[in-house]
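Open your viewer and get comfortable. Could you load the model and show it as a cartoon before we set off?

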Amino acid sequence: MGLLDSFEKGLERAVNSAFAKTFRSGIQPVEIASALRSELDKKAAVVSRDRILAPNTFTVLLAPADDERVSALGDALIHELDTLVHKHAKAQGYSFAGPVSISLRRDDQLATGTLRVESSTAQGGRVAWRGVVDVEGRRIPLTKSRTVIGRGSDADITVADSGTSRKHVEILWDGERAMVRDLGSTNGTMLDGRKVGEAALPPDSTVRIGRTDIVFRVVAQASAARPPASVDDATRAYDPRERGPLT
């Protein structure tokens with residue numbers, strides 16, 4: 001039995017057949033369920049190899065006539081929608097940053113029979129995303145837009161590896177995307193097994209300099225979101241797809 005079939009059967013238990021007749025025109029509850037499932041799939045984001053983070057706060061916007069009919073179902077409908085969201089997330093391997101919240105709201109701009117879903121990822125307040133690198137058993141946050149790594153004491157992150165240059169490689173991070181750039185090192189830089197001069201740096205990818213592995217990750221932190229790190233000219237000048245500004 002599919003998830004939407006399960007939803008419909010649960011809804012039948014919550015409301016009587018006479019009330020269901022009011023949905024012969026306009027939005028059907030099952031259409032709300034389908035829209036929520038689509039929103040989960042569309043907004044799910046890979047945080048690491050072991051975690052896919054999905055939105056957990058949903059607002060369903062309905063036309064006035066639909067809102068009046070749907071709201072009459074009360075908590076029964078919200079309960080069934082909540083159950084469906086959790087079932088779909090479990091089936092797809094999604095995780096949530098906090099409790100799931102679903103609300104219905106009237107939107108006078110919508111026509112009868114249409115709806116819109118707004119969603120966000122929330123844990124108390126908003127979830128802030130942070131770039132970090134795992135190197136030599138340490139997890140180090142990327143607090144600047146440009147982070148230089150090498151064996152020199154003047155590098156932002158110093159590694160104890162004689163096979164690396166004093167300023168070997170830099171990681172550029174704008175709060176959303178990252179890139180790696182070799183700084184003219186003697187032994188070169190490898191990204192996931194291939195030698196690179198500069199390249200986009202996806203989450204969970206491994207940069208190797210000398211005998212040292214540097215794993216770049218993007219992690220969620222349970223604090224109020226801060227504006228992305230300031231982006232200097234070097235970061236703005238690089239886009240791996242079109243060589244244009246990072247926006």
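The tour goes from the whole chain to one helix and then to one residue.

**Stop 1: the whole chain.** Select everything, keeping in mind that this is a predicted model. The cartoon of the protein chain shows six helices and 19 strands. Now colour by burial: of the 247 residues in the protein chain, 43% are buried. If you switch on a surface, the accessible area is about 13,000 Å², and carbon and sulfur atoms account for 48% of that. For a contact map, take pairs at least 6 apart in sequence: 61% of those contacts join residues at least 24 apart.

**Stop 2: helix α3.** Next, select residues 29-43, which form helix α3. Its 15 residues reach 21 Å from the first C-alpha to the last, close to the 21 Å expected at 1.5 Å a residue. Which residues of α3 are buried? Show Pro29, Ile32, Ala33, Ala35, Leu36, Glu39 and Leu40 as sticks, since these are the buried ones. They cover an arc of only 160 degrees around the axis, so they lie on the same side of α3. The general pattern helps here: an α-helix has 3.6 residues a turn, so residues three or four places apart point the same way.

**Stop 3: Glu31.** Stay in α3 and pick Glu31. Glu31 counts as partly exposed because its relative accessibility is 37%, between the 20% and 50% cut-offs. Leaving out residues up to four places away in sequence, Glu31 touches Gly26 and Leu115. Finally, draw a C-alpha to C-alpha distance from Glu31 to Gly113: the two are 82 residues apart in sequence and 9.7 Å apart in space.

Note on methods. Residues numbered from 1 in each chain as written. Predicted model: local features only at pLDDT ≥ 70, side-chain atom pairs only at ≥ 80, totals over all residues. Heavy atoms only, no water. Helix = DSSP H or I, 4+ residues; strand = E, 2+ residues; numbered from the N terminus. Buried < 20%, exposed > 50% of the residue type's maximum accessible area, 1.4 Å probe, protein only. Contact = heavy atoms within 4.5 Å. Areas by Shrake-Rupley, 256 points an atom, 1.4 Å probe, with all protein chains shown as cover. Expected span 1.5 Å × (residues − 1). Arc of directions from axis to C-beta.
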